[in-house]
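Biologist: I should like to learn how features such as salt bridges, helix faces and nonpolar cores are read from a model. Could we work through one case together?

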Amino acid sequence: MAPPFTRAQNYTISSEAPKPNGNYSHAIRQGNHLHVCGWMGDDPKTGNIVEGGVRAQTEQAIRNIDACLRAAGSSLDKVTRRRIFVIDMAEFREIDAEWARRVAAPFPVNTCVGVTALAKDGARVEIEVEAVVDEDEGA
């Protein structure tokens, strides 16, 4: 069975997340610090935004983030910073509640930015994270 990711130097692409639709990596590791790209609710099989509104999109975005973190030797509980980009700021509480369903306290620091559009039609939310990686993990 193939490993869940391929890496050239410190760049990670997870086989469990949608393929990049542009010129970027899923994650880049610098020492024990991991920068994960922003994720919308892209379905890994179709590449399309999942149906079901902001809650379903948030759930899928978190699954995509989790896949990238695991591929690089980290996990959701090691996230130190979260940035949320949302079309409607009134949906922040719903997005945050979905995160809290998957991640226990203490929670990462957070920034939430209201935007007028995201890179894919129909996308309501995009989440990017930074996390720590144990020195002996994902190397």
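**Reading salt bridges, a helix face and a core**

Modeller: In this structure, R55 and E94 form a salt bridge, with their closest N and O atoms 3.4 Å apart. R55 belongs to helix 1 and E94 to helix 2, so this pair ties together parts of the chain 39 residues apart in sequence. Please bear in mind that the model is predicted.

Biologist: What is the general idea behind such a pair, and which residues are linked with R55 and E94 in a network of salt bridges?

Modeller: Side chains of opposite charge can pair when their charged atoms come close. Here the network of salt bridges links R55, E94, E98 and R101. Within it, R55 also forms a salt bridge with E98, where the closest N and O atoms are 3.4 Å apart. E98 lies in helix 2 and R55 in helix 1, so this second pair ties together parts 43 residues apart in sequence.

Biologist: Are R55, E94 and E98 buried or exposed?

Modeller: R55 has 37% relative accessibility and therefore counts as partly exposed. E94, at 31%, also counts as partly exposed. E98 is buried, because its relative accessible area is 1%, and the cut-off for buried is under 20%.

Biologist: Which other salt bridge deserves attention, and where in the chain do its partners lie?

Modeller: The whole structure contains 11 salt bridges. One of them joins K120 to D42, with the closest N and O atoms 2.5 Å apart. This pair links distant parts of the chain: K120 is in the loop between strand 6 and strand 7, whereas D42 is in the loop between strand 4 and helix 1, 78 residues away. Both K120 and D42 are buried.

Biologist: How should one read the faces of a helix, and which residues of helix 2 are buried?

Modeller: An α-helix has 3.6 residues a turn, so residues three or four places apart point the same way. In helix 2, which spans residues 92-102, the buried residues are F92, I95, E98 and W99. Viewed down the helix axis, they fall within an arc of 130°, so they line one face of helix 2. The face turned away from this buried side carries the exposed residues R93 and R101.

Biologist: What covers the buried residues of helix 2?

Modeller: The cover includes helix 1 (53-71), strand 5 (79-86), strand 6 (109-114) and strand 7 (125-132). Strand 7 is itself mostly covered, with six of its eight residues buried. Strand 7 pairs with strand 4 (residues 33-39) in the antiparallel sense over five bridges; one example is the bridge between L34 and A131 of strand 7. Strand 5 and strand 7 also run antiparallel and are joined by seven bridges, including the one between R81 and E130 of strand 7.

Biologist: How is a nonpolar core read, and which residues have the most contacts inside the largest one?

Modeller: In soluble globular proteins, nonpolar side chains tend to be buried together. The largest nonpolar core here has 27 residues, and those with the most contacts inside it are V36, W39, L69, W99, I127 and V129. Two or more residues come from each of strand 4, helix 1, strand 5, helix 2 and strand 7. Helix 1 gives the most, with seven residues. Beyond its neighbours within four places in sequence, W39 is in contact with residues including A17, P18, I65, C68 and I127.

Notes. Residues numbered from 1 in each chain as written. Predicted model: local features only at pLDDT ≥ 70, side-chain atom pairs only at ≥ 80, totals over all residues. Heavy atoms only, no water. Buried < 20%, exposed > 50% of the residue type's maximum accessible area, 1.4 Å probe, protein only. Helix = DSSP H or I, 4+ residues; strand = E, 2+ residues; numbered from the N terminus. Arc of directions from axis to C-beta. Contact = heavy atoms within 4.5 Å. Pairing = 2+ DSSP bridges. Core = buried A, V, L, I, M, F, W, Y, C linked by side-chain atoms within 4.5 Å. Salt bridge = Lys/Arg side-chain N within 4 Å of Asp/Glu carboxyl O.
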